[in-house]
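Student: I should like to learn how to read the local features of a protein model. Could we work through them one at a time?

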Amino acid sequence: MTSTLERFADGAGSTIVFFDVICTQDDEVVMTMKTAFGFFSPEALKNQVGLRVKPGALEALSEPAPVALSYRSAELGGAPWLDQGRLQVLDRVNFWPGGGEAGLGRLVAEYDVTPEAWFFKAHFFQDPVQPGSLGLEAMQQAARALARLAGYVPVGGEYEFEPVALDQVFSWKFRGQVTPTNKRTRSEVEVLATHSDDRGVLVVFDGQFWVDDLCIYETRGMGVRVIRKAP
């Protein structure tokens with residue numbers, strides 16, 4: 001992997017750094033990324049403002065859904081699995097089959113934050129924070145649950161979800177963090193489009209990740225793909 005610091009900006013006690021990243025396996029490029037992140041004062045981290053959302057977005061998370069299930073429900077059990085062991089970051093789902101602007105489905109997944117969670121002990125030393133990658137994973141798991149419930153993907157032991165859909169360009173914006181004092185996270189996803197090809201079925205979605213009543217992550221054009229396992 002090669003990371004190049006392109007520029008940085010200082011202001012109001014914070015520093016923002018911008019990187020170009022190229023990831024390779026052997027001599028093949030497998031991922032490119034433009035990313036930015038910051039270093040903030042303790043005061044700034046305590047007073048999180050989150051991302052801008054549309055009016056009514058918070059209230060819409062709690063609307064009654066025609067389908068409400070627990071993570072352990074039969075409809076979500078079996079292959080392709082929504083998560084892998086300790087990466088489980090959803091407990092309940094609320095599903096609107098014809099929801100979303102495209103009418104292809106909308107789902108809100110909830111996860112109860114516990115101070116004893118394994119990742120708080122590992123990330124960071126004396127500063128427990130849920131890793132940002134688990135926020136992305138939460139939206140991926142929500143999208144997998146939606147794809148299962150909507151019937152967009154085949155079900156059975158011969159299928160599996162890619163960790164993240166390959167060859168699908170997406171953006172991710174974040175402004176906030178999850179700490180042991182928080183109570184709940186919610187991942188809201190809505191389907192933009194579905195595609196089938198010789199690799200499998202691709203579901204493209206937009207997503208938001210909330211901690212308590214604050215939206216802190218947003219992804220645009222992310223994909224979840226189910227494929228047939230290699231023999």
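Student: Where is Phe-124 found, and what is the peptide bond from His-123 to Phe-124?

Tutor: The model is a predicted one. As a general idea, most peptide bonds are trans. In this model Phe-124 sits in the loop between α3 (118-122) and α4 (132-150), and the peptide bond that leads from His-123 to Phe-124 is cis, with omega near -5°. A cis peptide bond also joins Ala-79 and Pro-80, where omega is about -5°. Pro-80 has its place in the loop between β4 (67-70) and β5 (92-96).

Student: How should I read the phi angle of Gln-126?

Tutor: Most residues other than glycine have a negative phi. Gln-126 is not a glycine, yet its phi is positive, at about 60°. Like Phe-124, Gln-126 belongs to the loop between α3 and α4. Its relative accessible area is 70%, so Gln-126 is exposed. Asp-26 offers another case: its phi is near 60°, again a positive value in a residue other than glycine. Asp-26 lies in the loop between β2 (14-25) and β3 (28-39), and because its relative accessible area is 73%, Asp-26 is exposed.

Student: Turning to a further loop residue, is Asn-182 buried or exposed, and what does Asn-182 touch?

Tutor: The reading starts from relative accessible area, where a value under 20% means buried. Asn-182 has 15% relative accessibility, so it counts as buried. Its position is in the loop between β8 (171-174) and β9 (184-197). Leaving aside residues up to four places away in sequence, Asn-182 touches Val-113, Gln-177, Val-211 and Asp-212. With Asp-212 there is a polar contact of 3.0 Å between the two side chains. A polar atom of the Asn-182 side chain also lies 2.9 Å from the backbone nitrogen of Thr-179.

Student: How many salt bridges does the structure hold, and which parts do Lys-34 and Asp-20 tie together?

Tutor: To read a salt bridge, one takes the distance between the closest N and O atoms, then asks where the partners lie. The structure holds 12 salt bridges. One of them is formed by Lys-34 with Asp-20, whose closest N and O atoms are 3.1 Å apart. Since Lys-34 belongs to strand β3 and Asp-20 to strand β2, this pair ties together parts that are 14 residues apart in sequence. Lys-34 counts as exposed at 70% relative accessibility, whereas Asp-20 counts as partly exposed at 24%.

Student: Which residues are linked with Arg-92 in a network of salt bridges?

Tutor: Arg-92, Glu-110, Asp-112 and Arg-184 are linked in such a network. Glu-110 forms a salt bridge with Arg-92, with the closest N and O atoms 2.9 Å apart. Glu-110 lies in strand β6 (residues 106-112) and Arg-92 in strand β5, so parts 18 residues apart in sequence are tied together by this pair. Arg-92 also forms a salt bridge with Asp-112, where the closest N and O atoms are 2.9 Å apart. Here too strands β5 and β6 are involved, so the pair ties together parts that are 20 residues apart in sequence. As for accessibility, Glu-110 is buried, with a relative accessible area of 12%. Arg-92 counts as partly exposed at 28%, and Asp-112 is partly exposed at 33%.

Student: What lines the largest cavity, and which element gives the most to its lining?

Tutor: A cavity is a space where a probe fits but cannot get out, whereas a pocket is open. One cavity of 30 Å³ or more is found in a search of the whole structure, and the largest cavity has a volume of about 30 Å³. Its lining consists of Ala-143, Leu-146, Val-189, Glu-190, Val-191, Val-203, Phe-205 and Val-224. Two or more residues each come from α4, β9 and β10, and β9 gives the most, with three. By class, the lining has seven nonpolar residues, no polar and one charged.

Student: What, then, is the make-up of the second largest pocket's lining?

Tutor: The second largest pocket holds about 470 Å³ of space and is lined by 20 residues, of which Lys-54, Glu-101, Glu-188, Glu-190 and Gln-208 lie nearest its centre. The lining divides into seven nonpolar, four polar and nine charged residues. β9 supplies the largest share of this lining, four residues.

Definitions and conventions. Residues are numbered from 1 along each chain as its sequence is written. This is a predicted model: local features need pLDDT of at least 70, side-chain atom pairs count only at pLDDT 80 or more; totals for chains, interfaces and linings use all residues. Side-chain values use heavy atoms; hydrogens and water are left out. Buried means under 20% relative accessible area, exposed over 50%, partly exposed in between (1.4 Å probe, protein chains only). A polar contact is a pair of N or O atoms within 3.5 Å; within protein, one must be able to donate a hydrogen and the other to accept it, and residues adjacent in sequence count only if both atoms are side-chain atoms. Contact means heavy atoms within 4.5 Å. On a 1 Å grid over the protein atoms alone, a cavity is a set of points where a 1.4 Å probe fits but cannot get out, and a pocket is an open set with protein on both sides within 12 Å along at least five of seven lines; lining residues have an atom within 4 Å of a point. Grid points are joined across faces, edges and corners, and a volume is the space filled by probe spheres set on the points. Ala, Val, Leu, Ile, Met, Phe, Trp, Tyr, Cys and Pro count as nonpolar, Asp, Glu, Lys and Arg as charged, and the others, Gly among them, as polar. A salt bridge is a side-chain nitrogen of Lys or Arg within 4 Å of a carboxyl oxygen of Asp or Glu.
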